[in-house]
Amino acid sequence: MSQHAMWMSFRSLTQDQSVKDQKLKPGTVKRIAYYALPYKNSLILFLITVVIDALLVVSTPLLLRKLIDEGVVPGDCNLVTRLALLVGLIALGDALVSMIGRWFSARIGEGLIFDLRTQVFTHIQKQSIAFFTRTQTGALISRINSDVIGAQQAFTTTLSGVISNLLSLTLVIGTMLILSWQITIVALLLLPAFLFPTKWVGRKLQKLTRDSFNLNAEMSATMTERFNVSGALLVSLYGNLSKENSYFSTRARKVADIGITIALLNRIFFIALTSIAAVATAFAYGVGGHLTINKEITLGTLLAITALLARLYGPLTALSNVRVDVMTALVSFERVFEVLDLTPMVRDKENAKTIADGPLSIQFADVRFSYPRAEEISLASLEAVAKPETIQSGEILKGISFDVPSGTMTALVGSSGAGKTTISALLPRLYDVTSGSISICGEDIRELTIESLRQSIGIVTQDAHMFHDTIAANLLYAKADATDLEMESACKAAQIWELISSLPNGFDTVVGERGHRLSGGEKQRLAIARLLLKAPRIVILDEATAHLDSENEALVQEALSTALKERTSIVIAHRLSTVRAANQILVLDEGQIKERGSHDELIALNGIYADLYQRQSFAG
């Protein structure tokens with residue numbers, strides 16, 4: 001048996017056996033077939049190459065039989081030459097067919113990977129923010145990478161393997177029975193001895209491979225958490241390096257030990273299979289030799305049977321585990337479908353409208369909101385800790401109503417957990433309200449397209465996110481076709497141009513992961529420049545100056561005054577001094593508006609706002 005055939009048999013038997021007991025959802029196979037339709041012609045041609053390759057498996061031994069019996073034994077040199085050339089041509093033809101089959105296989109496989117990956121990526125990006133708050137990033141990446149690759153093997157490795165092995169096995173056993181049923185029976189009786197070491201090693205390797213994957217996943221999680229800037233800072237300031245190293249090295253040592261054991265088992269497997277194949281061949285020569293001496297079969301027949309014998313055990317071993325191979329591929333498809341079938345919580349209605357042109361006003365009418373339950377937004381298999389939550393969040397907003405006229409500023413103030421950030425998340429439909437409505441210019445935002453709604457809104461949070469890319473790339477994310485002059489103008493208005501122009505690489509300066517190469521104030525001003533480049537008609541500021549020193553706060557406030565000019569804005573602030581100029585201030589407490597009015601009106605009211613303001617002034 002060839003090394004490749006042994007390896008394919010080995011790979012098949014070392015896969016997770018538990019997969020064969022899984023139940024597929026109805027319609028899964030039909031849905032999988034739908035993905036094959038674009039590749040129907042390529043798939044047919046690929047399977048033709050598989051069939052040709054299987055037919056060539058038995059043709060060479062039969063030609064060798066003829067070469068010996070009708071050429072070598074009678075001394076017919078011409079026939080020997082012709083048949084030898086024919087065997088050589090068949091070998092070259094087999095190589096060509098194999099290359100063509102590999103090309104079709106790659107074309108189908110890579111095409112399916114592209115289709116599935118792009119579909120999953122696009123679908124995941126449509127999910128609500130709630131989905132990402134619960135989902136483990138690594139699990140999502142696994143669906144896009146590992147499961148998609150496992151799925152494409154259904155049409156390449158698994159399908160071709162099943163057809164090729166079935167056809168090869170049928171032809172080989174049929175041919176061997178015709179040539180000599182006695183040797184064929186002996187060869188088949190040795191099959192259990194052939195399967196035993198494979199099954200035994202397979203069971204051992206299943207556990208070792210599973211342990212290795214788990215340990216590697218732990219190490220990957222550790223490295224992901226510690227190799228980003230925030231994690232590295234935490235380890236540097238609070239961590240115990242010897243404990244960190246011990247934790248990692250312990251797992252790395254276990255992985256290394258498992259690797260050594262797996263390597264040893266691999267060698268045992270191949271030695272056992274090679275030895276048993278050699279024993280089977282010896283039996284064939286022994287039985288066949290006696291039959292040849294007794295003139296029951298010819299010498300050519302004996303050589304043909306021993307050649308066919310080498311092609312017998314590989315397909316038999318692989319087919320003994322065919323259910324696991326098929327189910328592994330189907331389950332991978334089902335795991336991909338599981339993600340594709342997860343309906344986004346926030347989505348466009350049919351015939352949704354685009355947002356109106358011109359200045360925009362905002363209306364909140366009796367808005368109530370509770371955060372969705374886990375089963376409504378995610379999949380247990382995508383969560384790091386998939387445990388049911390016995391206590392739900394409860395109602396966060398309780399009948400919120402207010403208007404923001406176009407071109408005016410409304411400030412939201414109150415203690416942490418009062419519902420301010422939730423209001424800012426509902427306006428761009430990061431979540432949908434539980435009841436009540438939010439309207440823009442009298443049009444319920446659920447009747448508007450999400451794209452046009454979010455294009456009209458710009459947000460700056462207290463920790464503005466930056467991609468690990470250049471300043472220009474982070475700015476262009478807001479407006480892909482912005483010119484250098486437009487970016488420069490936005491940066492000047494955001495009070496950040498002086499810094500950028502002083503950098504050796506200017507706009508081509510890389511900001512680092514999450515923008516950690518910039519200070520807090522610089523990152524905030526760059527975020528404001530990005531907002532100005534987008535030029536939204538509605539601006540939401542969520543604690544944009546909360547963690548800045550007085551010098552940076554002054555610069556950011558100056559930039560914000562430009563950003564808010566003639567725009568409808570909602571500003572969330574803990575520092576009440578930053579919202580004194582707001583047209584109206586809403587004081588929230590426990591999900592309700594307790595007070596509303598201008599700064600002077602609220603001070604005169606001598607309520608919650610006045611108390612907060614006096615305490616901040618006293619602290620100042």
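Is R429 buried or exposed? That opens the exercises below, all on a predicted model.

**Ground rules.** Local features need pLDDT of at least 70 and side-chain atom pairs count only at pLDDT 80 or more, while totals for chains, interfaces and linings use all residues. Residues are numbered from 1 along each chain as its sequence is written, and side-chain values use heavy atoms, leaving out hydrogens and water.

**Exercise 1. Settle the case of R429, then list its contacts.**

Step 1: take the cut-offs, where buried means under 20% relative accessible area, exposed over 50%, and partly exposed in between (1.4 Å probe, protein chains only).
Step 2: R429 has a relative accessible area of 2%, so the arginine is buried.
Step 3: find its place in the chain. R429 sits in the loop between α16 (420-426) and β4 (435-440); helices (H or I, at least four residues) and strands (E, at least two) are DSSP runs, numbered from the N terminus.
Step 4: look for contacts, meaning heavy atoms within 4.5 Å. Leaving aside residues up to four places away in sequence, R429 touches V346, R347, I445, R446, L448, I450, L453 and R454.

**Exercise 2. Work out the open sheet and the helix that packs on it.**

Step 1: strands pair if DSSP finds at least two bridges between them. On that basis the 6 strands run in the order β6-β7-β8-β3-β9-β10, with mixed pairing.
Step 2: spot the edges. β6 (457-461) and β10 (592-597) each pair on one side only.
Step 3: check the twist. Neighbouring strands are turned by 15° against each other on average, direction ignored; axes here are lines fitted to C-alpha atoms, for helices over the stretch in contact, and angles run from 0 to 180 degrees between N-to-C directions.
Step 4: zoom in on one end. β6 and β7 pair in the parallel sense over 5 bridges, and G458 has V539 in β7 as its bridge partner.
Step 5: add the helix. α21 packs on the sheet, touching β6 and β7, and its direction makes about 180° with that of β6.

**Exercise 3. Find the main contributors to the largest nonpolar core.**

Step 1: a nonpolar core is a set of buried Ala, Val, Leu, Ile, Met, Phe, Trp, Tyr and Cys residues joined through side-chain atoms within 4.5 Å.
Step 2: this one has 43 residues, and L475, F507, L526, I528, L541 and Y609 touch the most other members.
Step 3: elements giving two or more residues include β3 (409-414), α19 (484-493), β7 (538-542) and α24 (608-619). The largest share, 7 residues, comes from α21.
Step 4: follow F507. Residues up to four places away aside, its contacts include I471, L475, M487, C491, W497 and I500.
Step 5: don't miss the other core, which lies apart and has 33 residues, among them A130, V367, L427 and I438.

**Exercise 4. Classify two of the aromatic pairs.**

Step 1: rings of Phe, Tyr and Trp (its six-membered ring) pair if their centres lie within 6.5 Å; planes under 30 degrees apart count as stacked, over 60 as edge-to-face and the rest as tilted. The structure holds 10 such pairs.
Step 2: F364 and F402 have ring centres 4.5 Å apart and planes at 15°, so they are stacked. The pair links strand β1 (residues 362-370) to strand β2 (residues 395-404), with F364 and F402 38 residues apart.
Step 3: F364 is buried at 3%, and F402 is also buried, with 3% relative accessibility.
Step 4: F467 and Y477 have centres 5.1 Å apart and planes at 70°, so this pair is edge-to-face.
Step 5: F467 is partly exposed at 40%, whereas Y477 is exposed at 61%.
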